[in-house]
Amino acid sequence: MVRIDWTSGLLQPSKEVHESVKKLGQLEGIFENAAALKALDPRTAVYRVQAWCPVPEGTEGGLFWGTTVVEPGRVDSEYFMTHGHFHLKRDRTECYATVEGEGALILMNETRTTWMEPMSPGSVHLVPPHVAHRVANTGSNALRFVACWPSDAGHDYESIRKHGFGARVVCVDGKATLVRSAV
Ligand code: PAN
Ligand code: ZN
């Protein structure tokens, strides 16, 4: 058993809770404007993940639970966001629910059609099968959400590193806007 603080979404640390931080320096090639990224401190934390893994990774029929906190910020006009991935087992789905902050869940199917769902406190989202997912913080405070996914889903980061998403969420006149990526 673990405990969650619902006001922050954070899990109480335990040996089953894995914690990781993703910094700007580790997100090269993810944001569109490489020069703008280079001008920022690579040690800047973009997001933190806590994952409760009560069964070994790869176990069929199990579930993992996680909390992600995405910091507010932008690289040029593009909001701070998670790396994004397909599940290695492409048909594995996932639920997200927003605890705090404003954001966008960016979804892309295997034909690269990309769309977004606005995230705000209390919004619950389903990542359908065969759909890549990433989250952008479109607000000015931390964005916190919880997630639950199958323990045999796995993560395919490589295809996103290579091909990205079909669209990006950028700030246009102060508003979060989905803009088709240059091919
Ligand atoms: C989430 C994500 C988390 C971080 O728990 O793993 O938000 O995003 P990246 O994994 O893309 O860096 C999830 O979707 N798990 O499957
Ligand atoms: Zn996922």
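1. Two strands are taken to pair if DSSP finds at least two bridges between them. In this predicted model, strands β8 and β13 pass that test with five bridges and run in the antiparallel sense. Within this pairing, the bridge partner of Cys95 in β13 is Cys148.

2. The pair β8 and β13 belongs to an open sheet of six strands, whose order is β3-β4-β5-β13-β8-β11 and whose pairing is antiparallel. The edges are formed by β3 (17–23) and β11 (124–127), and because each has a single partner strand, one side of each is left without a neighbour in the sheet. Averaged over the sheet, and with direction ignored, neighbouring strands are turned by 20° against each other.

3. On the other flank of β13 lies strand β5 (residues 63–70), which pairs with β13 over eight bridges, again in the antiparallel sense. Here the bridge partner of Trp65 in β13 is Cys148, the residue that also serves as the β13 partner of Cys95. How many residues of β13 (residues 143–150) are buried? Seven of the eight are, so β13 is largely enclosed by the rest of the structure.

4. At one edge of the six-stranded sheet, β3 is joined by seven bridges to the antiparallel strand β4 (residues 45–52), and one of the residue pairs concerned is Lys22 with Tyr47 of β4. Tyr47 deserves a second mention, since it is also among the residues that come nearest to ligand 1.

5. At the other edge, β11 is joined to β8 by four bridges, the two strands running antiparallel, and Cys95 stands opposite Leu126 of β11. In a regular strand the side chains alternate between the two faces of the sheet. In β11, His125 and Val127 make up the covered face, whereas Val124 and Leu126 make up the uncovered one.

6. A separate open sheet consists of three strands in the order β10-β9-β12, and its pairing is antiparallel. Its edge strands, β10 (114–119) and β12 (131–137), each pair on one side only, and the twist from one strand to the next averages 20°. Strand β9 (residues 103–109) pairs with β12 in the antiparallel sense over seven bridges, and Ile106 is found opposite Arg134 of β12.

7. Which protein atoms are the donors of the zinc ion (ligand 2)? They are NE2 of His85, NE2 of His87, OE of Glu94 and NE2 of His133, lying 2.1 to 2.3 Å from the ion. Along the chain these donors follow the spacing H-x1-H-x6-E-x38-H. The arrangement is octahedral because the six donor atoms around the ion subtend angles of 74 to 172°; six donors count as octahedral if opposite donors are over 155 degrees apart and all others between 65 and 115.

8. Among the zinc donors, His85 and His87 are both buried. His87 sits in the loop between β7 (78–79) and β8 (94–100), and its relative accessible area is 2%, which means that it falls under the 20% limit for a buried residue. The side chain of His87 also makes a polar contact of 3.0 Å with the side chain of Glu94, another of the zinc donors.

9. Ligand 1 is surrounded by 15 residues, of which Tyr47, Thr68, Gly84, Tyr96 and Tyr157 come nearest. Where side-chain N or O atoms are concerned, one in Tyr157 is 2.5 Å from an oxygen atom of ligand 1, and one in Tyr96 is 2.6 Å from an oxygen atom of the ligand. Glu94 should be read together with the zinc site, for a polar side-chain atom of Glu94 lies 2.9 Å from an oxygen atom of ligand 1, while the OE donor of Glu94 is bound up with the zinc ion (ligand 2).

10. Two backbone conformations may be worth checking. Most residues other than glycine have a negative phi. His130, however, has a positive phi, near 65°; this residue lies in the loop between β11 and β12 and is partly exposed, with a relative accessible area of 34%. Asp173, which is not a glycine either, has a positive phi of about 50°. The place of Asp173 is the loop between β14 (167–172) and β15 (175–180), and at 81% relative accessibility Asp173 counts as exposed.

Definitions and conventions:
Residues are numbered from 1 along each chain as its sequence is written. Chains are lettered from A and ligands numbered from 1 in the order in which they are written. This is a predicted model: local features need pLDDT of at least 70, side-chain atom pairs count only at pLDDT 80 or more; totals for chains, interfaces and linings use all residues. Side-chain values use heavy atoms; hydrogens and water are left out. Donors are N, O and S atoms within 2.8 Å of the metal (3.2 Å for Na, K and Ca); water is not among the atoms, so sites may look incomplete. Four donors count as tetrahedral if all angles lie between 85 and 135 degrees; four count as square planar and six as octahedral if opposite donors are over 155 degrees apart and all others between 65 and 115; anything else is irregular. Buried means under 20% relative accessible area, exposed over 50%, partly exposed in between (1.4 Å probe, protein chains only). Axes are lines fitted to C-alpha atoms, for helices over the stretch in contact, and angles run from 0 to 180 degrees between N-to-C directions. A residue is near a molecule or strand if one of its heavy atoms lies within 4 Å of it. A polar contact is a pair of N or O atoms within 3.5 Å; within protein, one must be able to donate a hydrogen and the other to accept it, and residues adjacent in sequence count only if both atoms are side-chain atoms.
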